[in-house]
Amino acid sequence: MLLCSRTSKGISLFSTCLALKRMLNLNAPVTKGSLNEPSWKILVYDRFGQDIISPLLSVRELRDLGVTLHLLLHTDREPIPDVPAVYFVLPSEENVQRICQDCQNQLYESYYLNFISAISRQRLEDLASVAISANAVSQVSKVFDQYLNFISLEDHFFIVRHQNRHEISYHAINRADIKDTEMDAIMDTIVNSLFSFMVTMGTVPIIRCPRGNAAEMVAEKLDKKLRENLRDARNSLFTSDSLQAGQISFQRPLLVILDRNIDMTTPFHHTWTYQALAHDLLDLNLNRVGIEEVLDAGNPATGQPPRIRKKTYDLAAKDRFWQAQKGNPFPEVAEAVQEELEAYRASEDEVKKLKAAMGLEGEDESAISMLSDNTAKLTSAVSSLPELLEKKRLIDLHTNVATALLEEIKARKLDMYFEMEEKLMSKQTQDRSILDVIQDPEAGKPEDKLRLFIILYICSVTMTDAEFDQYAMELQAAGCNLAPLKYIKQWKAFAKLSSPNQYGGGGTKTVSMFSKLMSTGSQFVMEGVKNFVVKKHNLPVTRVVDALMELKSDQETDEYRYFDPKLLRAVDSSSIPRSKTPFQEAIVFVVGGGNYIEYQNLMDYLKGKTTYGGASKRITYGCSELFNAEQFLKQLLQLGEHLH
């Protein structure tokens, strides 16, 4: 029996995780019984499905849910005829054809087909006709539209996609030669993802956006898509809202859709917080960070290169240290790692005793940590050991990540760049001239100098062409490619910067380094690295969100368009009745790409903010893609090279 049903899920962002678990439980609710005795199955996904699952469910969690094998759709797969297969893929023509092929080849016992976004009627019919001709109708157990077409990186952070993100990048949207059809396709991809997010949240937001840019195009299309779905009462994905057409609820969330061009400075800023530093300096992707370890230095005399091994670590939601420290300044994190290390060393003797009691002195620690809960209950020794070894694993992980960050900070003088940029953005006086830094061969990489100058140029009101040319000449001499500057110069000429002081209120104060980190026993050699007290300030995105959430009158946001998809028909923004109560929850989405600096700034802004009922306000940050400064520079380089 071919059954197509469309599912809508819970309230928080991590309902994505619950939806995935339900899907892996063959679309039945997950209960204690189903976890104790899971039904064994195979998971087949495409690259997009893999990206959605991997930040949320570890291999061990998949195994606990009964997944014995997880395989990519477009690989050679052996037939396993007595096991059900759960598919999690985009409903593309290529994917549907491959699923049809699997049915014809009778690869599995039964097929649970879960599409990341809604499958078209035509492709569903193609699938049905192949199932009939292959005599496999009874094997296709269920077909679901899951509406999970976005990647949840954290409880309050999501991105549209990781695979093929160049197709919806800042470069793709801002190309001079982009055709209307290409722009439409990019906007549709983003809108489909936002629509999926709203279905998963189970809520219809009020939408606000600026006029005359890509954010407005996304807002218009999303408003239309939501309205059409609400109008079709029989198939509406928001029926749980029990809405009447035109009814306005003041507890609905606010969706603020912004364009990356609102703030081009923050993406280039050298940051000072743990998570944003890991993204800027290390290979942090989908909550996994890659660190290169030098195994041996090689031999320059014989031309033998150094042997390097790349190690990957998961920075997971269950890692308490990561959750507590990811938004903190780097020296605070280093101090916290040092404290954890000292506390563990104090309990190291206990670990040795436990290992000896269990006869596991020579065993690999990772093997011991995999002991299951049932085994752990056998003796108190066994229950203590995996816990202590897990603690040791996390300490080692963060020691390695923090050490790698510290090496980069010292080699590139990144504390100096951070301090200078903070002063530029808050209009403080510099201790050293920027030209002097650009000319200093010891001061970081060429890209660090280019990033510093871009921030200077955007924040400067009075820079003459002659001054610009002098800086450009020195940057070129320092090894910088000037193509990104060509684009930034053109962007600044056209951009309507709301005010040259849009970054005001920040700045830093240098304080002495934590004594724990300056002692001889410290794991981290912090000598020469500054410790800052960073003044709390709101970045442009946060300021816009604050004005819209709190209903403040603001010259910039007063002009923003207002959409209410629950109204029966679209009407002009100015005539829509509006809420007079501040919003308790907001979703902020940046078209053209976002970064961890803005996300952290929004989280810092929320601290101490409560609703009228005393609960904390909530903000979720989303973006079409997540890039660091180096990746964004490459996009601007491509745009600059195509300018005449």
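Which residue stands opposite isoleucine 291 in β13? The residue is lysine 311, and its setting is shown in the second of the legends below, which describe close-up views of a predicted model.

**View 1. The seven-stranded sheet and the helix packed on it.**
Seven strands form an open sheet with mixed pairing, in the order β7-β8-β18-β17-β10-β9-β16. Its edge strands, each paired on one side only, are β7 (151-154) and β16 (561-563). From one strand to the next, the twist averages 20 degrees. Helix α22 (residues 540-549) packs on this sheet and touches β9 (206-209), β10, β17 and β18 (618-623). The direction of α22 makes about 145 degrees with that of β10. Within the sheet, strand β10 (residues 254-259) and strand β17 (residues 585-591) run parallel and are joined by six bridges. One of the pairs involves aspartate 259, whose bridge partner in β17 is valine 591. At the β7 edge, three bridges join β7 to strand β8 (residues 157-159), and the two strands run antiparallel. Serine 152 stands opposite phenylalanine 158 in β8. The connection between β7 and β8 is a hairpin that passes through two residues.

**View 2. The three-stranded antiparallel sheet.**
Strands β11, β12 and β13 make up an open sheet of three strands, ordered β11-β12-β13 and paired in the antiparallel sense. The edge positions belong to β11 (283-285) and β13 (307-314), each of which pairs on one side only. Neighbouring strands of this sheet are turned by 30 degrees against each other on average, direction ignored. Between β11 and β12 there are three bridges, in the antiparallel sense, and aspartate 283 has glycine 290 in β12 as its bridge partner. The hairpin of β11 and β12 has two residues between the strands, and in this hairpin leucine 286 takes a positive phi near 50 degrees. On the other side of the central strand, β12 (residues 288-296) and β13 pair over eight bridges, also antiparallel. Isoleucine 291 stands opposite lysine 311 in β13, and the bridge partner of aspartate 296 in β13 is arginine 307.

**View 3. Packing of helices α10 and α23.**
Two packed helices are described by the angle between their axes and the distance between the axes. The axes of helix α10 (residues 274-281) and helix α23 (residues 596-606) cross at roughly 175 degrees and come within 9 Å. Because an angle over 145 degrees counts as roughly antiparallel, α10 is roughly antiparallel to α23. From α10, the residues Gln275, Ala276 and His279 meet Tyr596, Ile597, Tyr599 and Gln600 of α23. By class, this contact has four nonpolar, three polar and no charged residues.

**View 4. Packing of helices α18 and α24.**
Helix α18 (residues 446-459) and helix α24 (residues 629-641) pack with their axes 11 Å apart, at an angle of about 75 degrees. Since angles of 65 to 115 degrees count as roughly perpendicular, α18 is roughly perpendicular to α24. The contact brings Glu447, Leu450, Arg451 and Ile454 of α18 against Ala629, Glu630 and Leu633 of α24. By class, the contact of α18 with α24 has four nonpolar, no polar and three charged residues.

**View 5. The largest cavity.**
A search of the whole structure finds five cavities of 30 Å³ or more. The largest cavity has a volume of about 90 Å³. Its lining comprises 14 residues, of which Pro267, Asn595, Ile597, Asn628 and Ala629 are the closest to the cavity centre. Among these, Ile597 also takes part in the contact of α23 with α10, and Ala629 in that of α24 with α18. Helices α10 and α23 each supply at least two residues of the lining. The largest share, three residues, comes from α10. By class, the lining has six nonpolar, six polar and two charged residues.

**View 6. The second largest cavity.**
About 70 Å³ of space lies in the second largest cavity. The residues that line this cavity are Leu153, Ile159, His162, Arg165, His279, Leu284, Asn285, Leu286, Tyr596 and Leu626. They divide into six nonpolar, three polar and one charged. His279 and Tyr596 in this lining also belong to the contact between α10 and α23. Leu286, another lining residue, is the hairpin residue with a positive phi near 50 degrees.

Key. Residues are numbered from 1 along each chain as its sequence is written. This is a predicted model: local features need pLDDT of at least 70, side-chain atom pairs count only at pLDDT 80 or more; totals for chains, interfaces and linings use all residues. Side-chain values use heavy atoms; hydrogens and water are left out. Axes are lines fitted to C-alpha atoms, for helices over the stretch in contact, and angles run from 0 to 180 degrees between N-to-C directions. Helices (H or I, at least four residues) and strands (E, at least two) are DSSP runs, numbered from the N terminus. Angles under 35 degrees count as roughly parallel, over 145 as roughly antiparallel, 65 to 115 as roughly perpendicular and the rest as oblique. Contact means heavy atoms within 4.5 Å. Ala, Val, Leu, Ile, Met, Phe, Trp, Tyr, Cys and Pro count as nonpolar, Asp, Glu, Lys and Arg as charged, and the others, Gly among them, as polar. On a 1 Å grid over the protein atoms alone, a cavity is a set of points where a 1.4 Å probe fits but cannot get out, and a pocket is an open set with protein on both sides within 12 Å along at least five of seven lines; lining residues have an atom within 4 Å of a point. Grid points are joined across faces, edges and corners, and a volume is the space filled by probe spheres set on the points. Two strands pair if DSSP finds at least two bridges between them.
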